[in-house]
Structure formats: C-alpha cells, structure tokens
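Please open the model in your viewer, with the sequence panel beside it, and keep a selection tool to hand. The tour below goes from one selection to the next and says what to look for at each stop.

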Amino acid sequence: MLVVERPRGLARLAYDLRLARALRRRRFDLVIDFHGGPRSAWLARATGAPRRIGYAVPGRAWCYTERVPWTPDLLPPRHSVLNQWDLLTPLGVPPADPVTDPMEMAEAPGVDARMRGRLAAAGVPPDAALIVLHVSAGNPFRRWPAASFAEVAARLAAGDRSRRIIITSGPSEAAAADTVAVEAQRRAAESAEALSSGHGREGGQILRCGEFDLDELRWLAGHAALYIGGDSGPLHVAAATTVPVVALFGPTLPDRSLPWRDPGVGALAVDAGPLACRPCHQRRCVPGDFRCLTGIAPDRVLAAAETLLDRRRRR
C-alpha cells in the first residue's frame, strides 16, 4: 500500500513526478481511478498500465484506456456508490446491492477494551443507551447550527434517563463541540423532565469524552443505539456498522449520500426540502443564509430519532 502525500505549490510538482516514476516501476496491469480528479487521472496515466479505467470526464478521459459514463450534477441524482461501482463493470462485476454489498469497516484490534475504559471513566453505565451526536463537518455548508444540536441533545436526554448522549466532532472543531455540550447541559438542567447533567460527571447524560480517532469512532457508532450527524466522513463510518442513523442533509442529497447498507438496519434522512439553490457546489451560499441547514427544524430530527429508537426497541 502506498500512502500519498498532498504537498502544496511547487513541492507538489516535484513530489508527483517522483510518485509517477515510483508507480511506473511497479508495472501495474490494471489501474482503476475511483477519484476522477485531475491529479489522480494524470497519475493513472503515468503508471503506464496497459489497462486504465476511469470516468469519461471532459479533459481527462484521454488518461484512460477504458471510460465509463460520467454522471454530472445536473442529471437526476444517483447514489455515489453506484456511480463508483460503474468503474467495475468493464471487469464483469455485477451491479451493486446494498444488502449484499454494504459498506464495511472492521473493528480494530484492542479498541474494545480501550473504549469501554474511557466510557466507564466518564461515568457511563454499561447498560446505557448510547446516542452519538456528531456536530462538525468538513465545511460550513454541512454544519447544522450548534443551537439546534444542543436542543436535540437536551430533549433526547429528557426523553429517557437511561440515555447517554455523547457529543463528538473533528479535532479542529473540539471547541464547537464543547459549546454544544455545555448549552445542551444547561437546557437539560432547566427541564423538569431531565436529569441535571454535568460535563462528564457520573450521572450526567450529555457528555464530552475527549476526541476519538476513526477506529474509536467506529467502535462508538457500532455500540450505540443511534447516530445523528451531517453528511460528512463520520456519517459513513457509522454507515459501516448496524447503528440506526439520522442523517442531516444541507446542500447534498440523500439520493446520492444516504448510508449504503441493508435498508432494514434503519437510516432516515432529514433535509430542508426542495430549494432552488439545492444541491450546490458548496463554494458560496447564493442566498447567504445557509437555508438548506437552518431550514431543518430540531423537531423533525427528534421525530426521526425517536422513530428509529422505538423501532430498535421493538426488534
């Protein structure tokens, strides 16, 4: 396996030339470019492999010996897994099925004991119903408002005292996750129906348990009763488990990005509905108010969450 770096500026050019030579020395028989960007297309061509499969994207199709149709955003939405699976059709691979070909991510060795210890140290009972609230995303076009996350966390805690709501985020947004947790705890404490919640204290229902790497996040999702989050990488980590998912979609579409797995597991999409500016390229919010996200009411997210939790209890 090669782990490729992403240097910037002129350093990128020198690095890619060295990388191209290294790839060519490996004398690959087949290259499949699942990314389809300018850099990956050029590197695919640079391998010199006799068989190179990629998308028929204008300006890059010449890099490949076999090209599959490219589905631009203007066409009816189609799941991204199906779009990428198309690259396997020249190899005779049959069409994908979410039941038989789900997303997979194996649990890492040693993570179970480590995570059980962390949760115990945070005062989480072994039989608690874990709810993961992932409150960050890679760009502002996919971040649901912090106040909305806080309201959902507080009301989920009020609904069942056995629940423990764990607020997670990416490393760069730990402060934002802390803010959500503190605000949710304040709201929960003010509710006559909820426990008085402390920040990681035993008995608290709304918790921040530090930062989690991908293996730890996968374990947490896999042992949770519910995952709630936007259309970002951690959503698809959760999709590789059997946790029910409430997925929040802003500028992106559920038809393209809803978790790819057995529909019986449970995944509900919540979005703001049809908007003239949606989907978008996530470079500039034309209306300027991120209405595709602010238009998602906490009540709708809570309703979806309780539906999936009730379905899980019935099973």
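Two strands are said to pair if DSSP finds at least two bridges between them. Please keep in mind throughout that this is a predicted model.

**Stop 1: strand β7 and its neighbours**

Select β7, residues 226–230, and show its side chains. Five of the five residues of this strand are buried, so β7 is largely enclosed by the rest of the structure. If you turn the view from one face to the other, you will find L226, I228 and G230 on one side and Y227 and G229 on the other, all of them buried.

Now add β4, which pairs with β7 in the parallel sense over four bridges; here I131 has L226 of β7 as its bridge partner. Next add β8, which also pairs with β7 in the parallel sense, over four bridges, and look for I228, whose bridge partner in β8 is V246.

**Stop 2: the nonpolar cores**

Keep I228 and V246 selected and extend the selection to L133, L156, I165, I167 and V301, since these seven touch the most other members of the largest nonpolar core, which has 32 residues. Colouring by element helps at this point, because the core draws on several of them: β4 (129–134), α5 (146–159), β5 (163–168), α6 (174–190), β7, β8 and α11 (298–314) each supply at least two residues. Which element provides the largest share of this core? That is α5, with seven residues.

For a closer view, centre on I167, which, leaving aside residues up to four places away in sequence, touches L133, V135, A153, A177, V180, A181, I206, L207 and R208. A second core of 24 residues, separate from this one, includes V124, A128, V132 and Y227.

**Stop 3: the three-stranded sheet**

Move to the open sheet of three strands, which runs in the order β1-β2-β3 with parallel pairing. Its edge strands, β1 (30–32) and β3 (66–68), each pair on one side only, and the twist from one strand to the next averages 15°. Select β2, residues 51–55, together with β3 to see a parallel pairing over three bridges, in which G54 stands opposite R67 of β3.

**Stop 4: helix α2**

Select α2, residues 38–46, where R39, S40, A41, L43, A44 and A46 are buried. The elements that cover these buried residues include α1, β1 and β2, so show them alongside the helix before hiding the rest. Just after α2 comes G48, which takes a positive phi of about 75°.

**Stop 5: the largest pocket**

With α2 still on display, switch on a surface and look for the largest pocket, which has a volume of about 1,600 Å³. Of the 47 residues in its lining, F34, H35, G36, Y55 and Q84 are the closest to the centre, and they make a convenient selection for placing the view. The elements that each supply at least two lining residues are α1 (10–25), β1, α2, α3 (80–85) and α9 (254–257), and the largest share, four residues, comes from α2.

**Stop 6: the loop between β9 and α10**

Finally, go to the loop between β9 (267–271) and α10 (291–294), where P279 has its place. A cis peptide bond joins R278 and P279, with omega about 0°. Q282 is in this loop too and has a positive phi of about 60° although it is not a glycine. F290, which also lies between β9 and α10, likewise is not a glycine and has a positive phi, of about 50°. These are points to check by eye, because most residues other than glycine have a negative phi, and most peptide bonds are trans.

Is F290 buried, exposed or partly exposed? F290 is partly exposed, with a relative accessible area of 28%, a value that falls between the 20% and 50% limits for buried and exposed.

The structure holds two cavities of 30 Å³ or more, and the largest of them has a volume of about 100 Å³. To outline this largest cavity, select its lining: F141, P251, C277, R278, C280, R284, C285, V286, P287, F290, R291 and C292.

How values were computed:
Residues numbered from 1 in each chain as written. Predicted model: local features only at pLDDT ≥ 70, side-chain atom pairs only at ≥ 80, totals over all residues. Heavy atoms only, no water. Core = buried A, V, L, I, M, F, W, Y, C linked by side-chain atoms within 4.5 Å. Buried < 20%, exposed > 50% of the residue type's maximum accessible area, 1.4 Å probe, protein only. Contact = heavy atoms within 4.5 Å. Axes fitted to C-alpha atoms, helices over the stretch in contact; angles between N-to-C directions. 1 Å grid on protein atoms, 1.4 Å probe; cavity = no way out; pocket = protein on both sides within 12 Å on 5 of 7 lines; lining within 4 Å. Points joined across faces, edges and corners; volume = space filled by probe spheres on them.
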